[in-house]
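Got your viewer open and a selection box ready? Here is a short tour, stop by stop, with something to pick out at each one.

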Amino acid sequence: MSNPQKISSESQALLAAQNDSERLQVFQELKPRCIALSRCILTSSPNNRELTAALAELYPTLQNAAQERLDEKLGDYVFFPLSHVFRRYRELNDHSLELALLCLEVLICTCWRVNISAEMGKQLLILLTFVIGGNPNVEEQQQEEGNRSEETKLAGCRCLLNLFGSFVRSGGAAVIGEADSIPAVGHTVTTLLTTFSEADMLELQIVSLQAMDKLLLETVKDEDMRASFYPGVVSGVVRALGLGKTTKRPYQVLKDMVKLLERLISRVLDDVRVFNLPDAEASDTESVGIRRTKSWLKATAANTKVSLEQVLKLRTHPKIEVRTAVLQLSLQLLELCSSSLDEATMILVETLVVIAGNEDESLASLAGNSIRVMASMEGKVKDAVRECLDAWIAGLPRVMTGNNEDAKQRVITRLSVAFGLCMELNMESDILRDMLADGIKESLLAAKAPENAGTTLVRATPVRPKLEMLLADHTTSGGRIAKFQDVIVGQRSQMGTMESMKRLLGALRLSSEENGMALAQRHLRDAGARGLSVNERAVSFWIAINLLRGSVSAGNEVDMYLDFGLLEPSILQRHVTDELLALALENLITTNQDEAESVENAPLHCLALEALSLVAETQKREFRGELVDALYPVVHNLGSSSAEVQNHSIVALNNIAASCEYSSAKELLLDNVDYMVNAVSLKLNIFDLSPQAPIVLNMMLKLVGPKLVPHLDDLVVSMFSILDGFHEYEKLCEELFVVLASIVKESSKGDPDVKRIEFDGETMGGNRRKKRRILKDNEFILFLKEYRDENRPRLEPLDSLPVDEEEMDGDEADGKFPRKPWGKGKGKDKDNPLSSPAPDDNEGKDEDGPPPPPPEEESPPPSKTYDIVQRITRLSQHYLTHGSFSLRAKVLHLIKDSTSTLSMNEREYLPVINDIWPMVYARLHDPEPGVVIQACQAISGIAETSGDFLASRVRDGLPGIFKVYNHAWANLVKERRGGSGGMGVYGTGYKLWDAVVKMLTALVEHVGVSDEVLDKVCDMCGAEVLREREDLRSALEEAAPDTVWLVLESSKMEERKWEERMPVGFVVPVF
């Protein structure tokens, strides 16, 4: 046994020797640097540069030595020169003092980490407090020393933090609890609070908070002493939060501040610690700090509630770390301080409800579950949830009148969460639902009230879906093309608020299906009450629609997965849906009758359209039976003067088509075209002069297309009746002619095969002038051969000609000569067995006499589309003398568009041209240039389709055409020479001349005018125009190439003669 003991003793001796050698080595490294530091600081006036250099050498040596071995004796040795440095800290610069504090931090963390003496701890506490904050009794020194750099203060706060840790580990914390230590500890707390509140450096703020936490919650053991510092610390931390529109503190600091308050409040006001407090303060000389009593608890709890109201505002901080800290604070206080902070239960529960509606799901779930657990255990938490809901309902109208949209959304979200919690906790009731619904209505009315708006908000521009989107196929586009825009509060910044309000109404509906329907019914009746204002009716209508929309959406989601086709909606639901449909139709029909379109009434019309869309979505295919009454009001509002109403009409029409299982809105209108046409015809037959009917017709034509035209024959008659009776109303006539022009234009878009089905392929071909062209060599030889074959006598016998064997009788098939003439009688006699052959003499007479003429085939009547376009064209000519030049221009444009459709039937078309030609030709002499331009275009269209039929009319009207051309050319020359020549092709003179030239080109190219007329056209235009207008020159060259060549060559000869007559050296002026 002696051998192991001997070995262990020897190993201990070796370790001790090794430690001594390491300590000696560390001492040898520290000694010269400590001597150098002492030499610098122990002078009467230390040199800051030399002192800084000495400290800069000592600090890394201490850091390296700390990794080896530093004991208490070495710490005392090093602290000797440092103590002289701290004694003269007022004379040192920030860098030197910072290095000294860093060296002291190393000593505290190594040499005095565990076994620091109480006296040494007190001295260091006082020293570090004075170094960081200065002497509070000397104002000048405090001002000078308070301006230390934040790096220096950071080093001092780290020393304090490590010193407090040494106190806890060394058992010297009891010394801090002595009565004579209260001033020093109080000064330290004040210094740390001041340093924290004035610091800008993030690390300094965090370290100062950690130092306060370590001092108050771990170092100070006496509860009364901690309670004495409690009010100042809590108020100082709350003041340092810097709450406002934007918090100045970084979120890391805010998180630590909330955690400090959580630990401090829960420690001081813990129900277990304050349960047996005395009623009155007893005289006790040995008590440290204040004496805690029930009166102290009441006052402290009241002040704490005030502070918590400020701290808990951080529950809406954007950083989740801060919100999590606030959540932990609320939970901890509700759990540990429920009795002492009974007055603060309301705001703590309110904070949990607010966080339960947080965007972070995990945090919201934690808050919601915590409320449910606490409410099931404590009745006052349950009551607090209800009180929060009542308070938010009462304050909702006031919040909605403001301009802070974030605050509005927060309140609405809190209402949704609180109401959901009340439902889960079985606290909902009919009274609560009515209160919430009334609060929503009052808040929306307050938001719409113009007198309550402090500033004018920017309204969202209605995004009008393009009309072409209604033609999209729902089977491929997914049904809806756009959502309805909010019309109750239409400001762009309030869109999020309205979405939150819809979610709140959804929560209200989910509370009870029956009660939700009852609320919707009540608001529907308010919306139909004539005694209320438009705003009140619109808000009630909006609430009812959104209450019902939630039920429809939930049902559609269920139908996606389960088939409940056998389950019918409840009687109440069907009754409410019928009321909604009746109210919507009533508003829309009243609008159609009164035409009281205004900004004030637009919300009611928009909501009525939303209601129709919702009912269609509810009834789906069954809604087709309601289209008789509902379709026209929707299409009628496409012509509304309000952009919002138009937008809602387009979206509603698309949604109704999708709900009724139509592939597109076009198919919907085409399937119900009889209802639509009858509704429009009724308005026109009673001479309803409102602009909506023409606009609706125009929209229908654009949507449905040519297939609608055959159904409009009666409407065309009604429109011309109105034109005859009210032709003095210029605006009305123009709107009606816009519709007539749309009918003609849509007719021209139809399939050409459809337009000519009754015409048996007969088109305008006989009167078209064939273009002349030069035959090439091969073409000329083929032409001569064909001409020779057509005119040479027949030389081959008749037997060699091919004969159809089916047309022969039996004898003829055997090669015998036919006994009776060929013709239609053959078949007739052959089919009639009772008929007898005619005598031979009669046969001879029949053979010698002339054959009877073939019966003419009757042409089929034109189609309805053709007849309508023909009627419009014939009747429109009478309005070419109207006083409105814009109307005359529209009529001429209509005539031009009609030519493409009417020219399909030559037999019907040419009489129309014969009727309208005088009126169209007369418009060439109209005083308005725009009308003359349209007249030229109309004549060009007629010439292209009628061909040689216009030859005699052009010949008779040639003087007038030449007069129009000369007038246009004179205006163009004047315009080019005048100041307006810079407009070029955009000038009125050029546009008029260009239209006349194009008309001449069409006449020359398509109408077979005589050579005399062609010569006059060439002489009138001249070489200058022929060179400028290639289209006219090409047309004339095809008809009269020699004349064109002569005009151009004559012009060249005149130019050469003019140049020869010029004197030598004459310079041609350039303008």
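**Stop 1: α26 and α29**

Select helices α26 and α29 in this predicted model: they pass each other in a right-handed crossing. Residues 627–636 form α26 and residues 673–685 form α29; their axes cross at roughly 65° and come within 9 Å. Now show the side chains. From α26, pick Leu627, Val628, Leu631, Tyr632, Val635 and His636, which meet Tyr675, Met676, Ala679, Val680 and Lys683 of α29. Colour the contact by residue class and you will find nine nonpolar residues, one polar and one charged.

**Stop 2: two positive phi angles**

Step back to the loop between α25 (602–619) and α26, where Lys620 sits. Its backbone deserves a look: phi of Lys620 is near 55°, a positive value in a residue that is not glycine. Is Lys620 buried or partly exposed? Lys620 has a relative accessible area of 35%, so it counts as partly exposed.

Then go to Glu661, in the loop that links α27 (643–659) to α28 (665–671). Glu661 is not a glycine either, and its phi is positive at about 65°. With a relative accessibility of 49%, Glu661 is partly exposed; the exposed class begins over 50%.

**Stop 3: α38 and α39**

Next, select residues 864–876 for α38 and residues 885–902 for α39. Which hand does the crossing of α38 and α39 have? This one is left-handed. The two axes cross at roughly 150° and come within 10 Å.

On the α38 side, show Tyr866, Val869, Gln870, Ile872, Thr873 and Ser876; on the α39 side, show Val891, Leu894, Ile895, Ser898, Thr901 and Leu902, which they meet. Sorted by class, this contact holds seven nonpolar and five polar residues, with no charged ones.

While you are here, pick Pro862 in the loop between α37 (840–848) and α38. Pro862 is partly exposed, at 26% relative accessibility. Draw a distance from its C-alpha to that of Asn905: the two residues are 43 apart in sequence and 8.1 Å apart in space.

**Stop 4: towards the C-terminal part of the numbering**

Select α41, residues 929–946, and find Ser940 within it. Ser940 is buried because its relative accessible area is 11%, below the 20% cut-off. What does Ser940 touch, once neighbours within four places in sequence are set aside? Its contacts are Lys998, Met999 and Ala1002.

For a contrast in surroundings, move to Lys974 in α43 (residues 958–977). Lys974 counts as exposed, with 64% relative accessibility. Its C-alpha lies 8.5 Å from that of Gly989, with their positions 15 residues apart in sequence.

**Stop 5: α19**

Jump to residues 430–448, which make up α19, and pick Asp430. Asp430 is partly exposed, at 44% relative accessibility. Label Leu519 as well: it is 89 residues from Asp430 along the chain, and their C-alpha atoms are separated by 9.7 Å.

**Stop 6: the core**

Nonpolar side chains tend to be buried together in soluble globular proteins. Here the largest nonpolar core has 309 residues, and Leu82, Phe541 and Ile743 touch the most other members. Centre on Leu82 and show what surrounds it: leaving out residues up to four places away in sequence, Leu82 touches Leu37, Leu55, Leu58, Ala100, Cys103, Leu104 and Leu107.

**Stop 7: the whole chain**

Zoom out and switch on the cartoon. The secondary structure amounts to 47 helices and zero strands. Of the 1071 residues, 47% count as buried. Among contacts with a separation of 6 or more, 77% join residues 24 or more positions apart.

Finally, colour by pLDDT. The mean for the protein is 78, and 75% of the residues reach 70 or more. Two stretches to select are residues 451–458, where the pLDDT is below 50 and the model has nine contacts beyond near neighbours in sequence, and residues 823–848, also below 50 and also with nine such contacts. Where pLDDT is low, the predicted coordinates should not be read in detail.

Terms used
Residues numbered from 1 in each chain as written. Predicted model: local features only at pLDDT ≥ 70, side-chain atom pairs only at ≥ 80, totals over all residues. Heavy atoms only, no water. pLDDT = per-residue confidence, 0-100. Contact = heavy atoms within 4.5 Å. Axes fitted to C-alpha atoms, helices over the stretch in contact; angles between N-to-C directions. Helix = DSSP H or I, 4+ residues; strand = E, 2+ residues; numbered from the N terminus. Left-handed = near helix turned anticlockwise from the far one by under 90°. Nonpolar A, V, L, I, M, F, W, Y, C, P; charged D, E, K, R; others polar. Core = buried A, V, L, I, M, F, W, Y, C linked by side-chain atoms within 4.5 Å. Buried < 20%, exposed > 50% of the residue type's maximum accessible area, 1.4 Å probe, protein only.
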